[in-house]
Amino acid sequence: MLRSLVGSEMCIRDRIMIVNELAEIDELESVLLTDPERSVQGAYAGDLLSWVMGRAEADNAFVTIMTNVNVVAVAALAELSCVIFAEHVEIPPEVVAAAEQKGINLLRSRLPTYETCCLLGRKGI
């Protein structure tokens, strides 16, 4: 059983969510699923990549508006389950190509970063 603090309430999940389940959420769209069965255990939001690299935990979903190839490098080094680009930002082809090469799942949210994180919290992430 997984427990995580969501707001002032404890969220209890009896199983781990996978990236493919995230891709099925209406507000999210899959851009590239290299490992759709990858587990998602928590999330981290940030745009300062060095900060994210030092603080995000393995298997976190990484929510950001940054769209350069360094996002993929950070996701790979930190062993993150996926990158979720918030605010429906345009994702350059070189970022998708780098993610495919490194095996990083990419999703996009039409919501702002904060609302994307709230959505993930409501879904039990």
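The paragraphs below walk through a predicted model, beginning with its sheet and ending with its cysteines.

A useful place to begin is the open sheet, whose five strands follow the order β4-β9-β8-β7-β6 with mixed pairing. Strands of a sheet pair through backbone hydrogen bonds, and the pairing can be either parallel or antiparallel. At the edges of this sheet stand β4 (28-32) and β6 (43-45), and because each has a single partner strand, one side of each is left without a neighbour in the sheet. From one strand to the next, the twist averages 25 degrees. Within the sheet, β8 and strand β9 (residues 105-109) run parallel and are joined by four bridges, and one place to look for this pairing is C82, whose bridge partner in β9 is N105. The helix α4 packs on the sheet, where α4 touches β4, β8 and β9, and the direction of α4 makes about 75 degrees with that of β4.

From the sheet, the reader can turn to the helix α3 (69-77), which has V71, V72, V74 and A75 as its buried residues. Seen down the axis of α3, these buried residues fall within an arc of 160 degrees, so they line one face of the helix. A general feature of helices helps in reading such a pattern: an α-helix has 3.6 residues a turn, so residues three or four places apart point the same way. Among the elements that cover the buried residues of α3 are α2 (49-55), β7 (61-64), β8 and α4, and several of these names have already appeared in the description of the sheet. At the start of α3, a side-chain oxygen of N68 comes to within 2.9 Å of the backbone nitrogen of N70.

What follows α3 is E79, a residue with a positive phi near 55 degrees. Most residues other than glycine have a negative phi, and it is against this background that two residues of the model deserve attention. E79 is not a glycine and yet has its positive phi; this residue is placed in the loop between α3 and β8 (82-85), and E79 counts as partly exposed, at 49% relative accessibility. The second residue is H88, also not a glycine, with a positive phi near 50 degrees. H88 lies in the loop between β8 and α4 (93-102), and at 42% relative accessibility H88 is likewise partly exposed.

Another residue to follow is M17, which belongs to strand β3 (residues 17-18). M17 is buried, because its relative accessible area is 8%, which falls under the 20% cut-off. Although M17 and S39 are 22 residues apart along the chain, their C-alpha atoms are separated by 5.8 Å. Leaving aside residues up to four places away in sequence, M17 touches L22, R38, S39, V40, K123 and I125.

The last topic is the cysteines, and here the question is how many disulfides the model contains. A disulfide is a covalent bond between the sulfur atoms of two cysteines. The cut-off for counting one is a pair of sulfur atoms within 2.5 Å, and by this rule the count comes to zero. For C117, the closest cysteine sulfur is that of C118, and because it is 7.1 Å away, it is too far for a bond. C118 is in no disulfide either, since the nearest cysteine sulfur, that of C117, is 7.1 Å away. C117 is partly exposed, with a relative accessible area of 28%, and C118 is partly exposed too, with a relative accessible area of 27%.

How values were computed: Residues are numbered from 1 along each chain as its sequence is written. This is a predicted model: local features need pLDDT of at least 70, side-chain atom pairs count only at pLDDT 80 or more; totals for chains, interfaces and linings use all residues. Side-chain values use heavy atoms; hydrogens and water are left out. Buried means under 20% relative accessible area, exposed over 50%, partly exposed in between (1.4 Å probe, protein chains only). Helices (H or I, at least four residues) and strands (E, at least two) are DSSP runs, numbered from the N terminus. Two strands pair if DSSP finds at least two bridges between them. Axes are lines fitted to C-alpha atoms, for helices over the stretch in contact, and angles run from 0 to 180 degrees between N-to-C directions. Contact means heavy atoms within 4.5 Å. The arc is that of the directions from the helix axis to the C-beta atoms. A polar contact is a pair of N or O atoms within 3.5 Å; within protein, one must be able to donate a hydrogen and the other to accept it, and residues adjacent in sequence count only if both atoms are side-chain atoms.
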